[in-house]
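Reader: Before we begin, could you show me the model and then let me ask how each term is justified?

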Amino acid sequence: MPAHFPLRLIGSRMLAPTARHLVFERDDGEPLDFIPGQFVQVHFHYADGTAAKRSYSLATIHDHALGAGETVEIAVSYVTGGRATALFENLQEGDRIEASGPYGRFCLMPGDANARYLLIGTGTGVTPYRAMLPELARLIAERNIEVVLLFGARTPQELLYGEDFYAFAAAHPRFRFVPCFSRELPPDPHADVRRGYVQDALAEFAPNAETDIAYLCGNPNMVDAAFEVLKSRGLPVPHVRREKYVSNK
Ligand SMILES: Cc1cc2nc3c(=O)[nH]c(=O)nc-3n(C[C@H](O)[C@H](O)[C@H](O)COP(=O)(O)OP(=O)(O)OC[C@H]3O[C@@H](n4cnc5c(N)ncnc54)[C@H](O)[C@@H]3O)c2cc1C
């Protein structure tokens, strides 16, 4: 059941030149119980007083089997001229914002019997996959699933949460982290780095209707393009789960 609550900023760091990781606590003292993959909405007002809201996927890594988490973490990618962007650029530790949630069904499903997850995201669209890491660890241990995370970014500086995904891949050999850079490669690229768009790198992983469930998150053009690739490979529509980061002005 979504709730309305105040959030107080307790920490932040830049993930990339124009993306900020923000760590909040609920200022009403309650935990936020959510399923990895869900998002919150942030409520604010334009200069003329009009009420507005924007959605942000929850980035928090908590072992949800052990209960609700203490912090509410999101990653905000700055958009030129963006109204919520201005709010997040200026937010200082101790400041409060209004939020509601959790919302959404872009989550791993308990009934899934697939052998492999193809997780595909661009930019802050990898945030839900960060939150899913403890659940993926459990699924790898319990069902021996394979996971391929294809991350689309323009440059190595925009590889958000790269250290978390590389550390998880090192600890879980059945998890492959495949960054795809469209503009610039790192100087000494890891063997799993690819040049180009995620939707073009997909073919190499031979998407298979018998074994795979795919998740697509972030840039709407990427979501549509990857959806077409997966459909052409025979994946049924319910096995291609999508979250488009559209602007809701
Ligand atoms: C379910 C869901 C989850 C989302 N999760 C996240 C998240 O985790 N992190 C995140 O950063 N964003 C996320 N978004 C997008 C976010 O809600 C806002 O749309 C985004 O932050 C821009 O808001 P703004 O008020 O700064 O820009 P606006 O004032 O809405 O827009 C300013 C200008 O920028 C353009 N614009 C808007 N969004 C984009 C964009 N993404 N890229 C390029 N141009 C754009 C607009 O068309 C407009 O011209 C999500 C959206 C949805 C629907």
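Author: Let me begin with Pro 102, which has its place in strand E6 (residues 96-103), where strands (E, at least two residues) and helices (H or I, at least four) are DSSP runs numbered from the N terminus. This is a predicted model, in which local features need pLDDT of at least 70 and side-chain atom pairs pLDDT 80 or more, while totals for chains, interfaces and linings use all residues. Residues are numbered from 1 along each chain as its sequence is written, and side-chain values use heavy atoms, with hydrogens and water left out.

Reader: What makes the peptide bond from Gly 101 to Pro 102 cis?

Author: The omega of the bond from Gly 101 to Pro 102 is near 0°. Most peptide bonds are trans.

Reader: Where does Asn 144 lie, and what is notable about its phi?

Author: Asn 144 is in the loop between helix H2 (127-143) and strand E8 (146-153), and its phi is positive, about 55°, although Asn 144 is not a glycine. Most residues other than glycine have a negative phi.

Reader: Why is the pair of Arg 8 and Glu 25 called a salt bridge?

Author: The term asks for a side-chain nitrogen of Lys or Arg within 4 Å of a carboxyl oxygen of Asp or Glu; the side chains of Arg 8 and Glu 25 meet at 2.9 Å, N to O, and therefore qualify. The pair links distant parts of the chain, with Arg 8 in strand E1 (residues 3-16) and Glu 25 in strand E2 (residues 19-26), 17 residues apart. The whole structure has 16 salt bridges. Side chains of opposite charge can pair when their charged atoms come close.

Reader: Which residues come nearest to the ligand, and which element supplies the largest share of the shell?

Author: There are 20 residues around the ligand, each with a heavy atom within 4 Å of it, and Arg 54, Ser 55, Tyr 56, Ala 84 and Thr 85 come nearest. Strand E4 (51-57), strand E5 (71-77), helix H1 (83-90) and strand E12 (240-244) each supply at least two residues of the shell, and the largest share, four residues, comes from E4.

Reader: What makes the pairing of Ala 84 with the ligand a polar contact?

Author: A polar contact here is a pair of N or O atoms within 3.5 Å, and a backbone N or O atom of Ala 84 lies 2.8 Å from an oxygen atom of the ligand, so the pair qualifies. A nitrogen atom of the ligand is 3.3 Å from a side-chain N or O atom of Thr 124, and an oxygen atom of the ligand is 3.4 Å from a side-chain N or O atom of Tyr 245. Taken alone the ligand exposes 930 Å², of which the protein buries 75%, by the Shrake-Rupley method with a 1.4 Å probe.

Technical notes:
Polar contact = N/O pair within 3.5 Å; in protein donor to acceptor, adjacent residues only side chain to side chain.
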